[in-house]
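Please look over the sequence and the model before reading on. The paragraphs that follow lead from the strands to the interior and then to a few loop residues.

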Amino acid sequence: MPVNGSFRIIAKFVATPSSPENYDATTSTPTIDAELSLTSGTADGSADLVFTARRSLGASSTETLDLAGGLTDVYGATLTFVDVVGMVVRNRETTSTRVLRVGPNAANGFLGPFVDATDRIAIGPSGIFSTWRDSGWTVTAGTGDLLFFQNTDGAGAISYDVLLVGRSA
């Protein structure tokens with residue numbers, strides 16, 4: 001599926017001065033504003049695959065997404081990622097114990113932005129994990145293509161959204 005679009009993530013912190021004489025608008029409003037714009041294609045700075053889904057994991061459950069042939073797009077076409085350029089995962093739950101973990105599967109894991117096969121990002125209730133890289137992270141079919149998800153709560157299910165953007169070549 002051709003891709004034209006952009007990711008935009010903004011983190012902004014606005015400080016409230018303790019007293020007016022200490023306030024300096026140039027240093028009291030630190031801002032990070034980054035945008036990744038992609039064109040349609042398979043070179044750096046482009047993407048041609050998108051996977052998006054709302055998924056659910058039962059209490060204490062896990063699942064693995066196969067990035068090289070195990071996913072389908074909104075039209076039902078099989079997706080085989082060679083690179084992942086962007087990833088967004090949102091934990092839709094609001095209960096304090098419902099933490100979603102995401103990272104490479106222990107066997108044949110997609111390392112991408114993760115340190116090693118045991119690395120997991122814990123996404124708390126209403127939390128979002130997002131990462132991207134213009135050059136992408138390599139997906140190696142059969143040996144480095146499995147993305148692991150875990151519901152750490154033993155009492156209730158977790159609903160989450162996942163968005164993967166990448167390239168087929």
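A residue is called buried when its relative accessible area is under 20%, exposed when that value is over 50%, and partly exposed in between, with a 1.4 Å probe and only protein chains considered. The structure is a predicted model, in which local features need a pLDDT of at least 70 and side-chain atom pairs count only at pLDDT 80 or more, while totals for chains, interfaces and linings use all residues. Residues are numbered from 1 along each chain as its sequence is written, and side-chain values use heavy atoms, with hydrogens and water left out.

The chain contains zero helices and 13 strands, where helices (H or I, at least four residues) and strands (E, at least two) are DSSP runs numbered from the N terminus. Buried residues account for 38% of the 169 residues. The chain exposes about 8,600 Å², of which carbon and sulfur atoms supply 51%; such areas come from the Shrake-Rupley method with a 1.4 Å probe, and for residues only the protein chains shown count as cover. Contact here means heavy atoms within 4.5 Å, and among contacts between residues at least 6 apart in sequence, 74% join residues at least 24 apart.

Two strands are said to pair if DSSP finds at least two bridges between them. In general, strands of a sheet pair through backbone hydrogen bonds, either parallel or antiparallel. One open sheet is made of four strands in the order S5-S12-S9-S10, with antiparallel pairing. Strands S5 and S10 (121–123) stand at its edges with a single partner strand each, so one side of each is left without a neighbour in the sheet. From one strand to the next the twist averages 20°, the angles being taken from 0 to 180 degrees between N-to-C directions of axes, which are lines fitted to C-alpha atoms, for helices over the stretch in contact.

Within this sheet, strand S12 (residues 146–151) is joined to S5 by five bridges, the two running antiparallel, and aspartate 66 has leucine 146 in S12 as its bridge partner. Strand S9 (residues 100–104) also pairs with S12 in the antiparallel sense, over five bridges, and here arginine 101 stands opposite glutamine 150. In a regular strand the side chains alternate between the two faces of the sheet. Strand S5 (residues 62–66) shows such alternation, for Glu63 and Leu65 point to one face and are buried, whereas Thr62, Thr64 and Asp66 point to the other and are not.

Another open sheet of four strands has the order S4-S13-S8-S11, again with antiparallel pairing. Its edge strands are S4 (49–57) and S11 (128–138), each of which pairs on one side only, and neighbouring strands are turned by 10° against each other on average, direction ignored. Strand S8 (residues 83–91) runs antiparallel to S11 and is joined to S11 by seven bridges; valine 89 has phenylalanine 129 in S11 as its bridge partner.

Turning to the interior, a nonpolar core is a set of buried Ala, Val, Leu, Ile, Met, Phe, Trp, Tyr and Cys residues joined through side-chain atoms within 4.5 Å. The largest such core has 27 residues, of which Phe51, Leu67, Phe81, Leu147, Phe149, Val162 and Leu164 touch the most other members. The elements that give two or more residues to this core are S4, S6 (68–72), S8, S9, S11, S12 and S13. A second, separate core of six residues includes Leu36, Leu38, Ala47 and Val85.

Rings of Phe, Tyr and Trp (its six-membered ring) pair if their centres lie within 6.5 Å, and planes under 30 degrees apart count as stacked, over 60 as edge-to-face and the rest as tilted. By this rule there are two aromatic pairs. The rings of phenylalanine 149 and tyrosine 160 have centres 4.9 Å apart and planes at 20°, so this pair is stacked. Phenylalanine 149 lies in S12 and tyrosine 160 in S13 (residues 158–167), 11 residues apart, and both are buried.

Finally, some loop residues deserve a look. Most residues other than glycine have a negative phi. Serine 60, in the loop between S4 and S5, has a positive phi near 55°. Serine 126, in the loop between S10 and S11, has a positive phi near 65° and is partly exposed, with a relative accessible area of 48%. Threonine 94, in the loop between S8 and S9, counts as exposed at 65% relative accessibility, and touches Pro125 and Ser126, not counting residues up to four places away in sequence.
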